Amino acid sequence: MSDIAEHEGFNRTFHNHKLTLGLSIPFDQQHEDLSFDTQARLAQHAESLGFASLFVRDNPLYSPHLGNITPNYDPFVFLSYLSAFTNNIALGTASIVATLRHPIHVAKAAASLDLISHERLLLGMATGDRSFEFPAFNIDDKQLTTHYQTAIASMRALWQEHSPHISNSLVELTEDAGLQVLPKHHNIPMFATGYSRQDMSWIQQHMDGWLFYAQHFQDQKKLATEWHSGTEHFKPFINVLAIDLSTDPNERIKPIPNGYRLGRHALLQTLKAYESINTNHIILRFVNNNRTLEDMMDEVGTYIVPHFQTHDH
């Protein structure tokens, strides 16, 4: 068993040919900024219902041109807060913008959070997709491919030993120095987001899984097959899916941007179909503003989640 497979959050969330379900956070309701007390209560509720994970985005900056969107708190601070109110549910990032953060800072923050949460961190890593953020950090967007690769390699090295020798375009660490506190397994699961400006072969070799956007089913089947066939050992295929959950459990499926509008019976069949093509984890993002978030969580938790249980059952 590899070090990553021994990681508590990884092992509880991902198994080959099995699907588990997570939720996108911060929780929001009709674009209302819910209090941190409410965020913590809903996180506890998600855990009690059997959801496997909570995944938060990382976008350092906001622009009014983006409109009214879910608030973005610092992911490491927000997940550390939620870790104090939960016990088993995995805490994920979807995703840390690796090109806008120094790898030493990310490696230390991730190691700290993974230890604080008792190995529950699942670290999605992205190159970033908001063009106005790169000049703000004085980042050359023509170098994002190599920047991402170098950041990932640097973090891996920083977690391996207390005094690693690292010399690259981002880190010059040749003295007897490094992180004082290392992750338990000297590694933390990292997942590429989209292609992250890489070839799939690079992702298959260097990352612990792949977090991809919603696709038409046949496109996702092809992608999942190509992904799994190119990895030497099991590495999960993860999807983010928007769900407009109808109050009518029998409502048929209808495509919406990045997901579906449907009732719970069609949702169950849809998720079973995704499981049949070896999608290993789906992060649900509820988008129905005519129902309370808690109501939709309860319905999915009661009727859907028991079919896709975490791997401590």
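This text goes through the strands, the largest pocket and a nonpolar surface patch of a predicted model.

A convenient place to begin is strand β1, which covers residues 20-25. Because 5 of its 6 residues are buried, β1 is largely enclosed by the rest of the structure. Strand β1 pairs with two other strands. One is β14, residues 281-286, which runs parallel to β1 and is joined to it by 4 bridges; within this pairing, Thr20 is opposite His281. The other is β4, residues 53-56, also paired in the parallel sense, again over 4 bridges. Here Leu23 of β1 faces Leu54 of β4 as its opposite residue.

From β14 the pairing can be followed to β11. Strand β11 spans residues 237-245 and is mostly covered, with 8 of its 9 residues buried. Between β11 and β14 there are 6 bridges, and the two strands run parallel; Ala242 stands opposite Arg285 of β14 in this pairing. Strand β11 is also joined to β13, residues 259-262, by 4 bridges in a parallel arrangement, where Ile243 has Tyr260 as its bridge partner. A further parallel partner of β11 is β10, residues 209-212, connected through 3 bridges. In that case Phe212 lies opposite Asn239 of β11. As a general point, the side chains of a regular strand alternate between the two faces of the sheet.

Several of these strands also take part in the largest pocket, which has a volume of about 1,200 Å³. Its lining has 49 residues, and the closest to the pocket centre are Ser24, Arg57, Ala94, Val240 and Arg285. Arg285 is thus named twice here, as a residue near the pocket centre and as the residue of β14 opposite Ala242. Elements that each supply at least two lining residues are β1, β2 (28-29), β4, β5 (90-97), β11, β14 and α11 (293-303). Strand β14 gives the most, with 4 residues.

The last feature is on the surface. Leu61, Tyr62, Leu66, Phe132 and Phe137 make a nonpolar patch of about 420 Å². Leu61 belongs to the loop between β4 and α4 (75-83). Why does Leu61 count as partly exposed? Its relative accessible area is 32%, and partly exposed residues are those between the limits of 20% for buried and 50% for exposed. Residues of a patch must have over 30% relative accessible area, a condition that the 32% of Leu61 meets.

Terms used. Residues numbered from 1 in each chain as written. Predicted model: local features only at pLDDT ≥ 70, side-chain atom pairs only at ≥ 80, totals over all residues. Heavy atoms only, no water. Buried < 20%, exposed > 50% of the residue type's maximum accessible area, 1.4 Å probe, protein only. Pairing = 2+ DSSP bridges. Patch = residues over 30% accessible without salt bridge, like charges linked within 9 Å, V, L, I, M, F, W, Y side chains within 5 Å. Areas by Shrake-Rupley, 256 points an atom, 1.4 Å probe, with all protein chains shown as cover. Salt bridge = Lys/Arg side-chain N within 4 Å of Asp/Glu carboxyl O. 1 Å grid on protein atoms, 1.4 Å probe; cavity = no way out; pocket = protein on both sides within 12 Å on 5 of 7 lines; lining within 4 Å. Points joined across faces, edges and corners; volume = space filled by probe spheres on them.
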